[in-house]
Amino acid sequence: MHLTIVSIAHAEQITKYNNAVVLVSNTINLDRKTITIPVKSEAPYGNLVIHINSCFRLVDSAHELVSNLSIRSNLRNKEKIYKNFLLYNQKPYLNTEMENSYYEIRLLDCHNIDRIILNQTTQ
């Protein structure tokens, strides 16, 4: 599916995907996990809950995948929500960073595989 996003600066075409593959790392204990999360679904990791809002490819950039997600963090009984958190697979220096967090999240891939098992239920 191709869509056109129109902004004041310019218009770009995007290809939307049904799933995002993210790598979540704990920088303190070096634990890492790759999680495939369907768009409009969420998955827990440590004290985070990662919700995928979208995953897409910019058509003008053959290899650049982007994901928009929301992250809930509950650290020391203080909940913090990060909305419109952006991840880029080819340009991670553009990624949104979580303030005062010891987690690192990277986008690895976007795809349209139909059967994704998340938390023991099929999405």
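The following is an exchange between a trainee and a mentor about a predicted model of a protein.

Trainee: How many helices and how many strands does the secondary structure of the protein come to?
Mentor: The model is predicted, and its elements can be read along the sequence. The pattern is β-β-β-β-β-β-β-β-β-β-β. The secondary structure therefore comes to 0 helices and 11 strands.

Trainee: What percentage of the residues of the protein count as buried?
Mentor: The cut-off for buried is under 20% relative accessible area. The protein exposes about 7800 Å², with carbon and sulfur atoms supplying 49% of that area. Of its 123 residues, the share that counts as buried is 38%.

Trainee: What share of the contacts with a separation of 6 or more comes from residues 24 or more positions apart?
Mentor: A contact here means heavy atoms within 4.5 Å. Among the contacts in the protein with a separation of 6 or more, residues 24 or more positions apart account for 43%.

Trainee: Why is the pair of Tyr 45 and Tyr 103 edge-to-face?
Mentor: The count of aromatic pairs comes to 3. In the pair of Tyr 45 and Tyr 103, the ring centres are 5.7 Å apart and the planes stand at 75°. Planes over 60 degrees apart count as edge-to-face. The pair is edge-to-face because its plane angle is 75°.

Trainee: How many residues apart in sequence are the parts that this pair of Tyr 45 and Tyr 103 ties together?
Mentor: Tyr 45 lies in strand 5, residues 42–45, and Tyr 103 in strand 9, residues 103–111. Tyr 45 is buried at 6% relative accessibility, and Tyr 103 is buried at 11%. Because the two rings sit in those two strands, the pair ties together parts whose separation in sequence is 58 residues.

Trainee: What is the angle between the ring planes of Tyr 82 and Phe 85?
Mentor: Both Tyr 82 and Phe 85 are buried. Their ring centres are 6.4 Å apart, and the pair is edge-to-face because the planes stand at 70°.

Trainee: Which residues do ring pairs link into a cluster?
Mentor: Tyr 45 and Tyr 103 form an edge-to-face pair. Ring pairs link these two with a further tyrosine, and the cluster is Tyr 45, Tyr 102 and Tyr 103.

Trainee: Which backbone oxygen lies 2.9 Å from a polar atom of the side chain of Asn 19?
Mentor: Asn 19 is in strand 3, residues 19–26. Its relative accessibility is 3%, so Asn 19 counts as buried. The backbone oxygen at 2.9 Å from a polar atom of its side chain belongs to Ile 113.

Trainee: Is Asn 89 buried or exposed, and which backbone nitrogen lies 2.7 Å from a polar atom of its side chain?
Mentor: Asn 89 lies in the loop between strand 8 (78–88) and strand 9. At 15% relative accessibility, Asn 89 counts as buried. Leaving aside residues up to four places away in sequence, Asn 89 touches His 63, Glu 64, Leu 65, Leu 107 and Leu 108. The backbone nitrogen at 2.7 Å from a polar atom of its side chain is that of Leu 65.

Trainee: Which residue forms a salt bridge with Arg 72?
Mentor: The structure holds 1 salt bridge, and its closest N and O atoms are 3.6 Å apart. The pair links distant parts of the chain, strand 7 (residues 65–75) and strand 5, with the two residues 30 apart. Arg 72 is partly exposed at 33% relative accessible area, and its partner is partly exposed at 34% relative accessibility. That partner is Glu 42.

Conventions. Residues numbered from 1 in each chain as written. Predicted model: local features only at pLDDT ≥ 70, side-chain atom pairs only at ≥ 80, totals over all residues. Heavy atoms only, no water. Helix = DSSP H or I, 4+ residues; strand = E, 2+ residues; numbered from the N terminus. Buried < 20%, exposed > 50% of the residue type's maximum accessible area, 1.4 Å probe, protein only. Areas by Shrake-Rupley, 256 points an atom, 1.4 Å probe, with all protein chains shown as cover. Phe/Tyr/Trp six-rings, centres within 6.5 Å; stacked < 30°, edge-to-face > 60°. Polar contact = N/O pair within 3.5 Å; in protein donor to acceptor, adjacent residues only side chain to side chain. Salt bridge = Lys/Arg side-chain N within 4 Å of Asp/Glu carboxyl O.
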